[in-house]
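Visitor: I am new to this structure and should like to understand the terms used to describe it. Would you show it to me and explain the grounds for each term?

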Amino acid sequence: MTQKLGEFSKPNYTQVPDSFFDKLLPTLSEGELRVLLYIFRRTFGFQKGGDHISLNQFMIGIKRRDGTQLDHGCGLKSRIHVVEALAKLQAKGHIIVSKTK
């Protein structure tokens with residue numbers, strides 16, 4: 001059986017470590033999964049080892065300076081759900097969080 005991805009054009013790539021699929025994927029909640037994939041996109045997708053991602057960016061995404069929408073966030077609309085997912089990922093050692101003022 002051949003399967004195709006309907007809405008996707010030829011992809012640009014965000015590398016995701018194989019260990020994510022092999023070990024972490026089955027252990028994550030939906031919120032943790034969404035947040036971690038968004039972090040992968042904002043970091044590995046732009047060839048960075050880390051990035052300052054605000055809670056608003058997780059929730060509503062990023063707009064370019066010209067006003068066009070770059071992305072729509074991770075899909076979690078509640079600040080508390082994003083904070084909980086980040087805390088759980090940090091507690092499990094999957095991410096390093098450093099808060100800025």
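Guide: What follows is a set of questions on how particular terms apply to this structure, which is a predicted model.

Visitor: What makes up the protein chain, and in which order do the elements run?

Guide: The protein chain holds 4 helices and 2 strands. Starting at the N terminus, the order is α-α-α-β-β-α. The C-alpha trace spans about 50 × 40 × 25 Å along its principal axes.

Visitor: Why is the pair Arg34 and Glu30 called a salt bridge?

Guide: The term requires a side-chain nitrogen of Lys or Arg within 4 Å of a carboxyl oxygen of Asp or Glu. The closest N and O atoms of Arg34 and Glu30 are 2.9 Å apart, so the pair meets that cut-off of 4 Å. Both residues belong to helix α2 (residues 30-43), where a spacing of 4 residues separates them by about one helical turn.

Visitor: How do you know whether Arg34 and Glu30 are buried or exposed?

Guide: Buried means under 20% relative accessible area and exposed means over 50%, with partly exposed in between. Arg34 has a value of 32%, and is therefore partly exposed. Glu30, at 53%, is over the upper limit and is therefore exposed.

Visitor: What makes Lys92 and Glu32 a salt bridge?

Guide: Their closest N and O atoms are 3.1 Å apart, which again satisfies the limit of 4 Å. Lys92 is in the segment after α4 (79-91), whereas Glu32 is in helix α2, so this pair ties together parts that lie 60 residues apart in sequence. Lys92 has a relative accessibility of 40% and counts as partly exposed. Glu32, at 2%, counts as buried, because its value is under 20%.

Visitor: Why are Arg42 and Asp71 said to meet in a salt bridge?

Guide: The N to O distance between their side chains is 3.0 Å, and the rule asks for a distance within 4 Å. Arg42 is found in helix α2 and Asp71 in strand β2 (residues 69-71), so the pair ties together parts 29 residues apart in sequence. Arg42 and Asp71 are both buried.

Visitor: How many salt bridges does this rule give?

Guide: The count comes to 4 salt bridges.

Visitor: What makes a group of residues a nonpolar core, and which residues have the most contacts inside the largest one?

Guide: The residues must be buried, must belong to a set of kinds that includes Val, Leu, Ile and Phe, and must be joined through side-chain atoms within 4.5 Å. The largest such core has 18 residues, and those with the most contacts inside it are Val35, Leu36, Ile39, Phe58 and Leu86. The elements giving two or more residues to this core are α2, α3 (55-60) and α4. Helix α2 gives the most, with 5 residues. In soluble globular proteins, nonpolar side chains tend to be buried together.

Visitor: Which residues does Leu86 touch?

Guide: Leaving aside residues up to four places away in sequence, Leu86 touches Val35, Ile39, Leu55, Phe58 and Ile95.

Visitor: How much of the protein chain counts as buried, and how much area does it expose?

Guide: Of its 101 residues, 25% count as buried. The chain exposes about 7900 Å², of which carbon and sulfur atoms supply 54%.

Visitor: What makes Gln47 worth a remark?

Guide: Gln47 has a phi near 55 degrees, a positive value in a residue other than glycine. Most residues other than glycine have a negative phi. Gln47 lies in the loop between α2 and α3. Its relative accessibility of 69% is over 50%, and therefore Gln47 counts as exposed.

Visitor: Where is Ala87, and why is it called partly exposed?

Guide: Ala87 is placed in helix α4. Its relative accessible area is 42%, which falls between the limits of 20% and 50%, so the term is partly exposed. Ala87 and Val97 are 10 residues apart in sequence, and their C-alpha atoms are 8.5 Å apart in space.

Visitor: How do you know that Asp22 is exposed, and how far is it from Ala87?

Guide: Asp22, which lies in helix α1 (residues 18-24), has a relative accessible area of 61%. That value is over 50%, and so Asp22 is exposed. Asp22 and Ala87 are 65 residues apart in sequence and 22 Å apart in space, C-alpha to C-alpha.

Technical notes:
Residues numbered from 1 in each chain as written. Predicted model: local features only at pLDDT ≥ 70, side-chain atom pairs only at ≥ 80, totals over all residues. Heavy atoms only, no water. Buried < 20%, exposed > 50% of the residue type's maximum accessible area, 1.4 Å probe, protein only. Contact = heavy atoms within 4.5 Å. Areas by Shrake-Rupley, 256 points an atom, 1.4 Å probe, with all protein chains shown as cover.
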